[in-house]
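Here is a short briefing for a reader who is new to this structure. Take a look at the sequence and the model before reading on.

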Amino acid sequence: MSERKRGKNVENINTIRWIVDNDVNKSQLEEAAQWLRRNEVVAFPTETVYGLGGNALSDEAVEKIFAAKGRPADNPLIVHIADTSQLDSLVRSVPEKARKLIDVFWPGPLTIVLPSGQAVANKVTAGLSTVAVRFPHHPVAKALIEQSGLPIAAPSANRSGRPSPTSAAHVAQDLSGRIAGIVDGGETGIGVESTVIDCSGDNVMILRPGGVTRAEIESVVGPVAGEQAIGSIDAPKSPGMKYRHYSPNAELKLVKGSSAFLQSLVDNERSKGKKVGVLTTEEHLMDYQADAVISCGSRSDLYTIAHRLYRTLREFDELNIQIIYSEVFPEAGVGEAIMNRLGKSAGGCVLQE
Ligand code: TXA
Ligand code: MG
């Protein structure tokens with residue numbers, strides 16, 4: 001039996017890379033789709049971040065996803081589809097509010113948690129009675145799912161705990177040698193993950209802010225409850241929320257205050273010999289002196305910041321930065337997702353002037 005088949009030794013796999021563009025045709029994806037049908041795992045681009053896909057109907061495939069990422073088994077996966085008709089076999093019912101959200105936001109960066117049906121592999125839902133489903137609009141993701149003929153379970157294609165990948169190079173950094181292949185469709189657009197919304201019970205609730213904003217959702221279904229605070233209850237509804245996440249190797253600290261205050265924190269650590277980075281925006285790029293000062297976008301358009309956020313965190317690692325001080329952003333619109341990710345990445349550390 002080959003290393004690939006044995007599954008245990010996940011580090012000796014020869015990872016294939018397929019380069020495709022957005023007018024991808026199905027023949028370009030045939031090989032990747034074949035690997036998926038053989039219950040192997042393949043990374044692919046979506047409009048949010050790269051996903052690590054596997055057959056959502058197969059525990060064998062899903063086990064390989066968990067093994068490649070080093071993901072805790074109690075953190076369930078999102079099932080990706082390329083046609084709403086695929087929902088029928090995956091879920092028991094689609095409540096009215098979910099139906100409205102589907103009509104407006106699919107395909108797109110909205111994941112909907114619904115009562116789980118029979119077909120989904122047990123390991124996908126980590127034993128929950130619900131399943132999270134998403135219909136991405138990225139042309140490569142859609143074409144690959146269609147071509148595989150399967151619902152595809154896919155978490156973000158990073159090693160567990162690391163910033164999510166927004167390019168094939170990031171996926172390779174984390175997972176090369178551990179997965180069958182990477183479909184390289186260039187950089188992803190939005191840059192932060194989908195919004196996860198629970199429509200399985202009476203109260204519609206946002207479990208993770210993301211690519212579709214709260215205001216956009218509320219314009220369709222009225223007011224919705226927010227994310228639960230990390231660790232607030234023993235069994236969080238979205239199990240992934242209890243883990244430290246999206247973290248670079250460097251220690252990240254968020255700073256609420258003036259540029260001068262942030263600079264004083266930098267100076268203090270540098271005087272102790274630490275390599276210090278600053279995560280800022282175009283507007284403040286000239287305000288700082290540190291070992292690395294990186295702008296991740298413009299405050300005038302928070303989508304530019306979302307787009308570059310994970311890439312910027314990885315850039316600090318490439319420069320061997322030990323401590324990153326980051327500016328904070330307004331929590332409105334996509335800013336809610338940006339601050340949620342920065343907050344988790346910093347383990348909740350916020351320094352106030
Ligand atoms: O944009 C995205 O959503 C990306 C791309 C690849 O589609 N995927 C992604 O997957 O971010 P992942 O596994 O990194 O995050 C999925 C989140 C986790 O917080 C998980 O706990 C939650 O969704 N989740 C999955 N199934 C759930 C369920 N049945 N109930 C509640 N939360 C669930
Ligand atoms: Mg993830």
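What follows goes through the sheets, the helices that lie on them, the helix pairs and a few local details.

The model is a predicted one. One open sheet has ten strands. Another open sheet has five strands. Two helix pairs are also described, helix 5 with helix 9 and helix 8 with helix 11.

**The ten-strand sheet**

- The strand order of this open sheet is 1-8-2-3-7-4-6-5-9-10, and its pairing is mixed.
- Strand 1 (16-19) and strand 10 (205-208) are the edge strands; each has a single partner strand, so one side of each has no neighbour in the sheet.
- Inside the order, strand 4 (residues 78-80) and strand 6 (residues 130-134) run parallel and are joined by three bridges.
- Ile78 faces a residue of strand 6: it stands opposite Ala132.
- Helix 3 (residues 59-69) lies across strand 3 (51-55) and strand 7 (152-153).
- The direction of helix 3 is at about 155 degrees to strand 3.

**The five-strand sheet**

- Here the strands follow the order 13-12-14-11-15, and the pairing is parallel.
- The edges are strand 13 (292-295) and strand 15 (350-352); each pairs with a single strand, so one side of each is left without a neighbour in the sheet.
- On average, neighbouring strands of this sheet are turned by 25 degrees against each other, with direction ignored.
- Strand 11 (residues 251-256) pairs with strand 15 in the parallel sense, over three bridges.
- Two residue pairs show how strand 11 meets strand 15: Val255 has Leu351 as its bridge partner, and Leu254 stands opposite Val350.
- Strand 11 also pairs with strand 14 in the parallel sense, over five bridges.
- Lys253 has its bridge partner in strand 14, namely Tyr325.

**Helices on the five-strand sheet**

- Helix 10 (residues 259-271) lies across strand 11, strand 12 (276-280), strand 14 (323-327) and strand 15.
- Helix 10 runs at about 180 degrees to strand 14.
- Helix 12 (residues 335-345) lies across strand 11 and strand 14.
- The angle of helix 12 to strand 11 is about 130 degrees.

**Helix 5 with helix 9**

- Helix 5 (residues 96-105) packs against helix 9 (residues 214-221) at an angle of about 120 degrees, and their axes are 9 Å apart.
- That angle makes helix 5 oblique to helix 9.
- The crossing of helix 5 and helix 9 is right-handed.
- Helix 5 contributes Lys97, Lys100, Leu101, Val104 and Phe105 to the contact, and helix 9 contributes Glu216, Ile217, Val220 and Val221.
- Sorted by class, the contact of helix 5 with helix 9 holds six nonpolar, no polar and three charged residues.

**Helix 8 with helix 11**

- Helix 8 (residues 168-175) and helix 11 (residues 302-318) cross at roughly 55 degrees, and their axes come within 12 Å.
- Helix 8 and helix 11 are therefore oblique to each other.
- Helix 8 passes helix 11 in a left-handed crossing.
- On the helix 8 side, the contact is made by His170, Gln173 and Asp174; on the helix 11 side, by Arg311, Arg314 and Glu318.
- The contact of helix 8 with helix 11 has no nonpolar, two polar and four charged residues.

**Local details**

- Which side chain does the side chain of Ser259 join in a polar contact of 2.9 Å? The partner is Asp287.
- Ser259 is part of helix 10.
- With neighbours within four places in sequence left aside, Ser259 is in contact with His284, Asp287 and Tyr288.
- Trp106 and Pro107 are joined by a cis peptide bond, with omega about -10 degrees.
- Pro107 sits in the loop between helix 5 and strand 5 (110-115).
- Ala126 is not a glycine, yet it has a positive phi of about 50 degrees.
- Ala126 belongs to the loop between helix 6 (122-125) and strand 6.

Terms used: Residues numbered from 1 in each chain as written. Chains lettered and ligands numbered in written order. Predicted model: local features only at pLDDT ≥ 70, side-chain atom pairs only at ≥ 80, totals over all residues. Heavy atoms only, no water. Axes fitted to C-alpha atoms, helices over the stretch in contact; angles between N-to-C directions. Helix = DSSP H or I, 4+ residues; strand = E, 2+ residues; numbered from the N terminus. Parallel < 35°, antiparallel > 145°, perpendicular 65-115°, else oblique. Left-handed = near helix turned anticlockwise from the far one by under 90°. Contact = heavy atoms within 4.5 Å. Nonpolar A, V, L, I, M, F, W, Y, C, P; charged D, E, K, R; others polar. Pairing = 2+ DSSP bridges. Polar contact = N/O pair within 3.5 Å; in protein donor to acceptor, adjacent residues only side chain to side chain.
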